Amino acid sequence: MDRLLVRLPNWLGDALLARPLLHALRGAFPRAEIRWVSPAPIAELLAGDPAADAREAWPQGRAARRALGAQLRAWRPDAALVLPSSFSSAWFAWRTGARVRIGYAQGGRSLLLTRALRRGPCGERHLSDEYLELGQVMGASACAVPPLAVADQARAAAHELLRARGAGEGRAVMLGPGAIYGPAKRWAAERFVELGRWLAGEGGQVLVCGGPGERELCDQVARQVGACAVALAGETSLPVQAALCAIASLAVCNDSGLAHLAAAVGTPTVAIFGSTSSAWSAPLGARVRVVQRAPVCSPCFQRRCRIGYRCLTAVTVAEVARACREVSA
Ligand code: SF4
């Protein structure tokens, strides 16, 4: 293998769960040129990761995607690994002309792949192991994965942002009350407020973070936690958000990209799960605690619940506080 292409998932959390595969490929093919294709913010986040030689941003619009396909075809990849489960991602791999195309057989795309693997029931194996299997087909094997590196520039920008928002240089904890997926992944905002007040009582700043669509929620939580809390949702790029995660001594988030990011940079992380399966997609990291109360209907993978969000209401503040103490110990 001289040239290896990897189409990464579009969701931040899933892309970070692909890191064991990416490092396994680097280990198995140290001299190969490895390129990843991912949404631009993820490409920017992973820019410092030595497991790739080049990162291509997945463009918007058909014409730009056709142009990227043509550019990669001219590069002549020996193999393409397709991590997203969509038909279009397998189609894209086929258009690059890669001789070997490996992915899971789903969505009617087996004819586009040269190795279409059977996927077991969701949650039977962790998603990172499923991704790793795609590399194992080519002889790659699991290896140690270093924490995600935070660039100096991003760290400086994070400190600058904290200074600008009046946050001190002392201890900080992070709350991530959002989840783009939907309310069936969101623990109640008032419970985040109660937890935030308890954490603030332990000393330090509370950073309430999230994406641009979570500004209102984060503002509301920060306001109710009190003067020691600052809302930063939508104010950073992913590298700067990673730096904020690294600055924090603890992160408490819903099952979201932010939880995966905090875990990836090595911050002690508590992840609260609702409708999805922690056995399948818990964040990876040496210091991660999952809090999940799974009723008989779990996991349903629904974005909204019709029967009262029992999986989330069963998770108490006391239980999450206990997980915070354990993971920080
Ligand atoms: S159906 Fe069950 S697992 Fe799904 S969101 Fe509702 S309570 Fe949670």
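**Why each label applies**

Colleague: Where is P239 found?

Modeller: P239 is found in helix 10. Helices here are DSSP runs of H or I with at least four residues, strands are runs of E with at least two, and both are numbered from the N terminus. This is a predicted model, where local features need pLDDT of at least 70 and side-chain atom pairs count only at 80 or more, while totals for chains, interfaces and linings use all residues. Residues are numbered from 1 along each chain as its sequence is written, and side-chain values use heavy atoms, with hydrogens and water left out.

Colleague: Why does P239 count as buried?

Modeller: Buried means under 20% relative accessible area, exposed means over 50%, and partly exposed lies in between (1.4 Å probe, protein chains only). P239 has 17% relative accessibility, so P239 is buried. Its C-alpha atom is 9.1 Å from that of A47, although 192 residues separate P239 and A47 along the chain.

Colleague: What makes strand 1 largely enclosed by the rest of the structure?

Modeller: Strand 1 covers residues 3-7, and 5 of its 5 residues are buried, so the rest of the structure largely encloses it. R3, L5 and R7 point one way. L4 and V6 point the other way. In a regular strand, side chains alternate between the two faces of the sheet.

Colleague: How do you know that strand 1 and strand 2 pair?

Modeller: Two strands pair if DSSP finds at least two bridges between them. Strand 1 and strand 2 (residues 33-39) have 5 bridges, in the parallel sense. They therefore meet the rule for a pair. Strand 1 also pairs with strand 4 (residues 79-82), again in the parallel sense, over 4 bridges. R7 has V37 as its bridge partner in strand 2, and V82 in strand 4.

Colleague: Why does the disulfide count come to this value by the rule?

Modeller: A disulfide is a pair of cysteine sulfur atoms within 2.5 Å. The count is 0. Take C245: its sulfur is 6.8 Å from the closest cysteine sulfur, in C253, so that pair is too far apart for a bond. For C122 the closest cysteine sulfur is in C300, at 12 Å, also too far.

Colleague: Are C122 and C245 buried or partly exposed?

Modeller: C245 is buried, at 1% relative accessibility. C122 is partly exposed, because its relative accessible area is 42%.

Colleague: Which residues are around the ligand?

Modeller: They are S275, C297, S298, C300, C305, I307, Y309, R310 and C311. A residue belongs there if one of its heavy atoms lies within 4 Å of the molecule. By class, this shell has 6 nonpolar, 2 polar and 1 charged residues. Ala, Val, Leu, Ile, Met, Phe, Trp, Tyr, Cys and Pro count as nonpolar, Asp, Glu, Lys and Arg as charged, and the others, Gly among them, as polar.

Colleague: Where does Y309 lie, and why does Y309 count as partly exposed?

Modeller: Y309 lies in the loop between strand 12 and helix 13. Y309 is partly exposed because its relative accessibility is 23%. Its phi is near 55°, a positive value in a residue other than glycine.

Colleague: What else is found in the loop between strand 12 and helix 13?

Modeller: F301 is placed in that loop, with a positive phi of about 60° although F301 is not a glycine. F301 is partly exposed, because its relative accessible area is 26%. P299 has its place there too, and the peptide bond from S298 to P299 is cis, with omega near -5°. G308 is in the loop as well, partly exposed at 43%.

Colleague: How much space lies in the largest pocket?

Modeller: About 1,000 Å³. A pocket is an open set of points on a 1 Å grid over the protein atoms alone, where a 1.4 Å probe fits, with protein on both sides within 12 Å along at least five of seven lines. Grid points are joined across faces, edges and corners, and the volume is the space filled by probe spheres set on them.

Colleague: Which residues lie nearest the centre of the largest pocket?

Modeller: W11, L12, I180, S256 and G257 do, out of 35 lining residues. Lining residues have an atom within 4 Å of a point. The lining divides into 15 nonpolar, 16 polar and 4 charged residues. Helix 11 gives the largest share, 4 residues. Helix 10 is one of the helices that supply at least two.
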